[in-house]
Each structure stands twice: as structure tokens, then as C-alpha cells.
Amino acid sequence: MVFGSGSSGTAFLLGRLVFALVVAYLALGNLLDLESSVGYAKSKGAPLASISVPLGSLGLIGGALAILAGVYPSLGALAVIGFLVPITIIMHDFWTMDGQDRQNERIHFLKNVGLIGCALVFLALSSVPWPLAVGMGF
């Protein structure tokens with residue numbers, strides 16, 4: 001059994017909550033300042049930024065909620081991973097910059113890599129029943 005004790009289930013729920021809040025917060029920020037987010041994405045060469053930014057942000061929110069609730073968590077994790085991997089490479093290309101810009105983009109790059117790692121853990125655990133979750137789909 002993956003989640004043997006009650007405290008591990010609670011810790012897992014808290015981990016899902018923190019992850020979902022961070023991902024949803026980042027996505028909501030994009031949506032609330034959509035013009036700036038799309039403009040920045042265009043300046044970085046993101047394809048179809050006026051479509052990909054809002055749709056990707058909605059996908060991030062959906063993925064975060066799926067992981068939090070335990071409703072089709074594999075799809076939720078894949079939505080988060082599917083958005084973050086290309087965006088991290090396209091938008092946070094710190095290796096092409098110098099000075100403070102390089103440092104800022106490196107921080108965002110590493111933040112996203114950490115979120116991708118968490119989403120991969122949720123994906124790996126999506127085939128087992130989650131404690132304190134709706135438990136619908138895998």
C-alpha cells in the first residue's frame with residue numbers, strides 16, 4: 001500500500017493543495033493580465049500566443065483542480081506537464097541572457113522544473129487510489 005497511515009494521506013492532500021494553489025495562482029495571473037501575458041509570450045516567440053496563453057492557463061487551472069480533487073489526476077498531471085515543458089523552454093531561456101535578466105529567467109525556469117517534477121510524481125501515483133480524494137478516474 002502506497003499510503004499506509006492516516007498522516008501520509010493528510011500530507012499527500014496538503015501537497016496536492018499547495019501544488020494546486022501555486023499552479024492555479026500562476027495561471028490566474030496570466031488570465032487577469034492577459035494582454036501583458038500574451039505580449040510577453042509573443043516577444044519570446046511563443047506560437048499562437050493569443051490563443052495558447054489563455055487556453056494553456058485554463059488547462060493549468062483544470063489540471064491543478066484535477067490533482068487537488070483526485071478526479072482524473074493523470075489527465076490533470078499531463079495538462080500541467082504539457083503546458084509547462086514547452087513554455088519553460090520557450091519563455092525562460094536564461095541561457096541566452098546576461099545579468100539580472102539571466103538570473104530572473106533562471107529562477108522562473110527552475111520553479112517550472114520543480115513544478116514539472118511534482119506533476120510527474122502525481123502522474124506516477126495516479127494509478128493507485130488517493131486518500132482524501134474524490135477518486136474518480138486515473
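These are my notebook entries on a predicted model, written for someone meeting the structure for the first time.

**Entry 1: helix H5**

I began with helix H5, which covers residues 99–124. I wanted to know whether its length fits its residue count. At 1.5 Å a residue, its 26 residues should span 38 Å, and I found the end C-alpha atoms 38 Å apart, so the two agree.

Next I looked up which residues of H5 are buried. My list reads Glu105, Phe109, Asn112, Leu115, Ile116, Ala119 and Phe122. What do these buried residues pack against? I noted four partners: helix H1 (6–32), helix H2 (34–43), helix H3 (49–69) and helix H4 (73–91).

**Entry 2: the nonpolar cores**

I turned to the largest nonpolar core, which has 20 residues. Which of them touch the most other members? They are Phe19, Val23, Leu60, Val80, Leu84, Phe122 and Trp130. At least two residues of this core come from each of H1, H3, H4 and H5. Another core lies apart from it, with six residues, including Ala41, Ala46, Ala49 and Val53. A general remark for the margin: in soluble globular proteins, nonpolar side chains tend to be buried together.

I then picked out leucine 84 for a closer look. Setting aside neighbours within four places in sequence, I found leucine 84 in contact with Leu60, Asn112, Leu115 and Ile116. Asn112, Leu115 and Ile116 were already on my list of buried H5 residues.

**Entry 3: arginine 102**

Back in helix H5, I stopped at arginine 102. Is arginine 102 buried, partly exposed or exposed? Its relative accessibility is 27%, so I wrote it down as partly exposed. Not counting residues up to four places away in sequence, arginine 102 touches Phe94, Trp95 and Met97. I also checked histidine 92, which is 10 residues from arginine 102 in sequence; their C-alpha atoms are 8.9 Å apart.

**Entry 4: two loop residues with positive phi**

Leucine 48 caught my eye in the loop between H2 and H3. Although leucine 48 is not a glycine, its phi is positive, at about 45°. Its relative accessibility is 63%, and because exposed means over 50%, leucine 48 counts as exposed.

I made a similar note for tyrosine 72, in the loop between H3 and H4. This residue is other than glycine too, and its phi is near 45°, a positive value. With a relative accessible area of 39%, tyrosine 72 is partly exposed.

**Entry 5: aromatic rings**

How many aromatic pairs does the structure hold? I wrote down eight. In one of them, phenylalanine 12 and tryptophan 130 sit edge-to-face, with 5.0 Å from centre to centre and 90° between the planes. Phenylalanine 12 belongs to helix H1 and tryptophan 130 to the segment after H5, so this pair ties together parts 118 residues apart in sequence. I found both phenylalanine 12 and tryptophan 130 buried.

Tryptophan 130 also pairs with phenylalanine 122. Their ring centres are 5.9 Å apart and their planes stand at 50°, so I recorded this pair as tilted. Phenylalanine 122 is buried, as is tryptophan 130.

My last look-up was the wider set of rings. Ring pairs link Phe3, Phe12, Phe19, Phe122 and Trp130 into a cluster. Going back to Entry 2, I saw that Phe19, Phe122 and Trp130 are also among the residues that touch the most other members of the largest core.

Notes
Residues are numbered from 1 along each chain as its sequence is written. This is a predicted model: local features need pLDDT of at least 70, side-chain atom pairs count only at pLDDT 80 or more; totals for chains, interfaces and linings use all residues. Side-chain values use heavy atoms; hydrogens and water are left out. The expected span of a helix is 1.5 Å times one less than its number of residues. Buried means under 20% relative accessible area, exposed over 50%, partly exposed in between (1.4 Å probe, protein chains only). Contact means heavy atoms within 4.5 Å. A nonpolar core is a set of buried Ala, Val, Leu, Ile, Met, Phe, Trp, Tyr and Cys residues joined through side-chain atoms within 4.5 Å. Rings of Phe, Tyr and Trp (its six-membered ring) pair if their centres lie within 6.5 Å; planes under 30 degrees apart count as stacked, over 60 as edge-to-face and the rest as tilted.
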